[in-house]
Amino acid sequence: MLKNKVALVTGASSGIGRAIALVWAREGAKVVVSDVNVQAGEETAALVRAAGGDAIFVAADVGKPEDCDALVQRTVAHYGRLDVACNNAGIGGPQAPTADYPLDGWAQVININLSGVFYGMKYQIAAMLQGGGGSVVNIASILGAVAFPTAPAYTAAKHGVLGLTKAAALEYSAHGVRINAVGPAFIHTPMIAALEQDAGVNAMLVGAHPIGRLGQPGEVAELVAWLGSDRASFVTGA
Ligand code: NAI
């Protein structure tokens, strides 16, 4: 499904990003694994290679435009092109109601979860246009569609990711670059481990999912892999 495509994923040292790297490799992609966490990122790349895939790790902080630029340059220098990119890196940030929300926490969540997606797309799309087209998948959240009390910055950033995705899709769909977002509900990863450990909160979260459980990272990765592939050739701005 992704045979010989070059695919880049941010935040791939853990959780959903790691699962995306592994599913992409299974589908035949050459994978660029990126994260700020170098040791765990190298581990993800090693897991891909152990499964018979081809991967390199490149350290990058998505909150820094120069890192996002260098990541794409390194991808093209190593594999010759960029076909698929997933802007997945993200943080939960502080939990507090809006009037008590810390200013530095707001700036950090918006920088990583929203500006980071813009910085990523800015350089990824340019490289894809040079290569004749591609596919971008941005990881938003169910909190891109509804709100969660005590997470104003996260909720605002994820709503913003949907707007960015739609704007860019309108701009580049006619030029062969499809751009979509995925909005997972709650997924069993280290990001929500603290919530899951509280029995009451965990029961509330499970109760909010009609399917009766939280999701697994691999279940998100399957959709990301499909959106990145040519099988989703008429899907953009979704
Ligand atoms: P995670 O905490 O397991 O993994 C996030 C990864 O992003 C980590 O490896 C971390 O080092 C990396 N990261 C953090 N800041 C970074 C930065 N500035 N630059 C580069 N990498 C950075 O979290 P998870 O759950 O796998 O989250 C992945 C994405 O999925 C995030 O965008 C998150 O908001 C989103 N999401 C998660 C949900 C969940 O319930 N776990 C639900 C909906 C969306």
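User: Gly105: buried or exposed?
Analyst: Buried. This is a predicted model, and in it Gly105 has 4% relative accessibility. The cut-off for buried is under 20%, so Gly105 counts as buried at 4%.

User: Which element is Gly105 in?
Analyst: Helix α4 holds Gly105. That helix covers residues 103-131.

User: How far is Gly105 from Tyr154 in space?
Analyst: C-alpha to C-alpha, Gly105 and Tyr154 are 10.0 Å apart. In sequence, 49 residues separate the pair.

User: Tyr154 makes me think of the ligand. Which residues come nearest to the ligand?
Analyst: Tyr154 is one of them. The others are Ser14, Asp35, Asn88 and Thr189. Those five come nearest out of 28 residues around the ligand.

User: What are the polar contacts of the ligand? Start with Asn88.
Analyst: A polar backbone atom of Asn88 is 2.7 Å from an oxygen atom of the ligand. Ile16 also uses a polar backbone atom, at 2.8 Å from a ligand oxygen. With Asp61 the side chain takes part: one of its N or O atoms is 2.8 Å from a nitrogen atom of the ligand.

User: How much of the ligand's accessible area does the protein cover?
Analyst: The protein covers 91%. On its own, the ligand has 820 Å² of accessible area.

User: And which pocket does the ligand sit in?
Analyst: The largest pocket.

User: Which elements give two or more residues to the shell around the ligand?
Analyst: Helices α1 and α5 do. Residues 15-26 make up α1, and residues 152-172 make up α5.

User: What does the shell look like by class?
Analyst: It has 17 nonpolar residues, 8 polar ones and 3 charged ones.

User: Back to Asp61. Where does Asp61 lie?
Analyst: In the loop between β3 and α3. Strand β3 spans 54-59, and helix α3 spans 65-79.

User: Why does Asp61 count as partly exposed?
Analyst: The band for partly exposed runs between the buried limit of 20% and the exposed limit of 50%. Asp61 has 22% relative accessibility, so it counts as partly exposed.

User: How far apart are the C-alpha atoms of Asp61 and Ala46?
Analyst: They are separated by 20 Å. Along the chain, Asp61 and Ala46 are 15 residues apart.

User: New topic: Ser34. Which strand?
Analyst: Strand β2, residues 30-35. Ser34 is buried, with a relative accessible area of 1%.

User: Which backbone oxygen lies 2.8 Å from the side chain of Ser34?
Analyst: That of Val58. Its partner is a polar atom of the Ser34 side chain. Val58 falls within β3, which runs 54-59.

User: Now backbone angles. What is phi of Asn4?
Analyst: Near 65°. The value is positive, in a residue other than glycine. Asn4 sits in the segment before β1, which is 6-9.

User: And what about phi of Thr150?
Analyst: Also positive, at about 75°, although Thr150 is not a glycine. Thr150 belongs to the loop between β5 (134-139) and α5. Its relative accessible area is 29%, so Thr150 is partly exposed.

User: Thr98 next: buried or exposed?
Analyst: Exposed, with a relative accessible area of 61%. Thr98 is found in the loop linking β4 (84-87) to α4.

User: How far is Thr98 from Ala151?
Analyst: Their C-alpha atoms are separated by 8.0 Å. The two residues are 53 apart along the chain.

User: Last one. Where is Ile187?
Analyst: Ile187 lies in the loop between β6 (177-182) and α6 (193-197). At 10% relative accessibility, Ile187 counts as buried.

User: What separates the C-alpha atoms of Ile187 and Gly215?
Analyst: 4.4 Å in space. Along the chain, Ile187 and Gly215 are 28 residues apart.

How values were computed: Residues numbered from 1 in each chain as written. Predicted model: local features only at pLDDT ≥ 70, side-chain atom pairs only at ≥ 80, totals over all residues. Heavy atoms only, no water. Near = heavy atom within 4 Å. Polar contact = N/O pair within 3.5 Å; in protein donor to acceptor, adjacent residues only side chain to side chain. Areas by Shrake-Rupley, 256 points an atom, 1.4 Å probe, with all protein chains shown as cover. 1 Å grid on protein atoms, 1.4 Å probe; cavity = no way out; pocket = protein on both sides within 12 Å on 5 of 7 lines; lining within 4 Å. Sits in = over half its atoms within 2 Å of the grid points. Helix = DSSP H or I, 4+ residues; strand = E, 2+ residues; numbered from the N terminus. Nonpolar A, V, L, I, M, F, W, Y, C, P; charged D, E, K, R; others polar. Buried < 20%, exposed > 50% of the residue type's maximum accessible area, 1.4 Å probe, protein only.
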